[in-house]
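Reader: I am new to this structure and should be grateful for a close look at a single part of it. Please choose one helix and describe it with some care, and then place it among other local features of the chain.

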Amino acid sequence: MKISKQKTIATCICSAFLLWGCGGSGEQQAQQAPAERPVMKVDTIKIAKGAQNLLFEYPARVRSVGAVEVYAKVAGTLLEQLYKEGDFVEKDTPLFRIDADTYQAAYNEALAALEMRQATFNQAEREWQRVSKLFEQKAVSQKEYDSAFAAFESARANIANAEATLARSELNLSYTTVTAPVSGMSGVKLQDVGAYVGTAGSTMVTTITQTAPIYVEFSIADSQAIDSVNAVRTGKIETKLDDLNVKVLSRQGEVLDNGKIDFIDSRIDESIGSIKLRAVVPNENNRLIPGQFVRVSIEGIKIPNSAVIPQKAVMQTAQGTFIYLLKDGVAKIVPINIAQSLAHDFIITGMFEDGDELITNNLMKIRPDSPVVAEGSVQ
């Protein structure tokens, strides 16, 4: 009986050791087996690839197309000022009146001289016609014929001379009213009423500053804008210079007018690394004044093969800028370039295609080529 009990105990101990040994081997196998990657749920949007409009905004200053100096072209006493300083004047608007008595008398004298020369010419013409008929009949000599013809030619020349004198007298008489040579903003008077003007050649009496059209000048410094503008000028992109629209904005953002770029400097200012541009603006309502500080927004420059994506979908590291695309059930990393930053989006270029699925969340948790599944997709 004792031997039977001992065998039973031994058998139980052996069985326990065998079970313990099997269990330990299973745990080790479980620890050595690689764990399966969990599939992460992400939100995606479809990328729309195409030509995107770039927007550039810069400080600018208004410049006059030209400031014209107004002179008294004849000498005389300044009798009257006919405009209000600072008002907008149209071309040919009377500004000053100069004493015209002397020039009126000269005009009347020239007119009378012309009438006298006309009478002399009429008489010489009749005499020439009479002598010509007689000469054909051989009733007068060659000398008489030549004398009549010379008198006729002289009388005709005297008329031309009298007409020129009359025209000059009429012009001087018209100069006694000083008018605006161009439309624009009138300046202060430079001569007082009662002053004798026009001596020693001519006397400047005021200025007219042209305001319609008007120039808006500005400089661009960022490399993307410079590259874009140069590409437009040289024809490297489809956008033409005439396609660019320039909005002139107040400091509060109000649109004051619209214009077109008419000048791009051919070189970069090395001291500040910028390039100068100029826009011409109609300014028909005279809302822009020379010297005024404004802002300009350039519209119409398009960058091809680009897309607009949310800023939150872009990763930026020391190694570069990239996005994650959902392809074949995994997250693929794609390097990109940021062409322009908008309020909440980026305009980007890179090796992506139209319709690619862009991952927009959980970017910090994703690893390249890790399995992902689209939970919410926005078309």
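Author: What follows is an account of one helix, and then of several other places in the chain. The model is a predicted one.

The helix is α2, which runs over residues 101–136. Helix α2 has 36 residues and reaches 53 Å from its first C-alpha to its last. That span is close to the 52 Å expected at 1.5 Å a residue.

Which residues of α2 are buried? They are Tyr103, Tyr107, Ala110, Leu114, Phe121, Ala124, Trp128, Val131 and Ser132. The cover over these buried residues includes helix α3, residues 142–174.

Other residues of α2 are partly exposed. Ala105 lies in this helix, and it counts as partly exposed because its relative accessibility is 44%. The C-alpha atom of Ala105 is separated by 9.3 Å from that of Leu173, although the two residues are 68 apart along the chain.

The helix also holds a salt bridge, in which the side chains of Arg130 and Glu127 meet at 2.6 Å, N to O. Both residues lie in α2, 3 residues apart, which is about one turn of the helix. Arg130, at 44% relative accessibility, counts as partly exposed, and Glu127 counts as partly exposed at 34%. After the helix comes Lys138, whose phi is positive, near 60°.

Lys138 leads to the matter of backbone angles. Most residues other than glycine have a negative phi, and most peptide bonds are trans. Asp92, in the loop between β5 (88–89) and β6 (94–98), has a positive phi near 75°. Asp92 is exposed, because its relative accessibility of 53% is over 50%. Asp369 has a positive phi as well, near 70°; this residue is found in the loop between β20 and β21 (372–378) and is partly exposed at 41% relative accessibility. A cis peptide bond, with omega about 5°, joins Ala212 and Pro213. Pro213 lies in the loop between β10 (203–209) and β11 (214–220).

Strand β6 also belongs to an open sheet of 4 strands, in the order β7-β6-β4-β9, with antiparallel pairing. The edge strands of this sheet are β7 (177–179) and β9 (196–197), each of which pairs on one side only. Strand β4 (residues 76–81) is joined to β9 by 2 bridges, and Thr77 stands opposite Tyr196 in β9.

The salt bridge within α2 may be set beside others, for the count comes to 10 salt bridges. One of them is between Arg295 and Glu57, with the closest N and O atoms 2.9 Å apart. That pair links distant parts of the chain, with Arg295 in strand β15 (residues 293–310) and Glu57 in strand β2 (residues 50–63), 238 residues apart. Arg295 is partly exposed, with a relative accessible area of 31%, and Glu57 is partly exposed at 42%.

Asp356, in contrast, is buried yet has no salt bridge. The nearest side chain of opposite charge, Lys327, is 4.0 Å away. Asp356 is found in the loop between β19 (345–350) and β20 (357–359). A polar atom of the side chain of Asp356 lies 2.8 Å from the backbone nitrogen of Glu353. Leaving aside neighbours within four places in sequence, Asp356 is in contact with Ile45, Lys46, Ile47, Leu325 and Lys327.

Conventions:
Residues numbered from 1 in each chain as written. Predicted model: local features only at pLDDT ≥ 70, side-chain atom pairs only at ≥ 80, totals over all residues. Heavy atoms only, no water. Pairing = 2+ DSSP bridges. Buried < 20%, exposed > 50% of the residue type's maximum accessible area, 1.4 Å probe, protein only. Lys, Arg positive; Asp, Glu negative; His and termini not counted. Polar contact = N/O pair within 3.5 Å; in protein donor to acceptor, adjacent residues only side chain to side chain. Contact = heavy atoms within 4.5 Å. Expected span 1.5 Å × (residues − 1).
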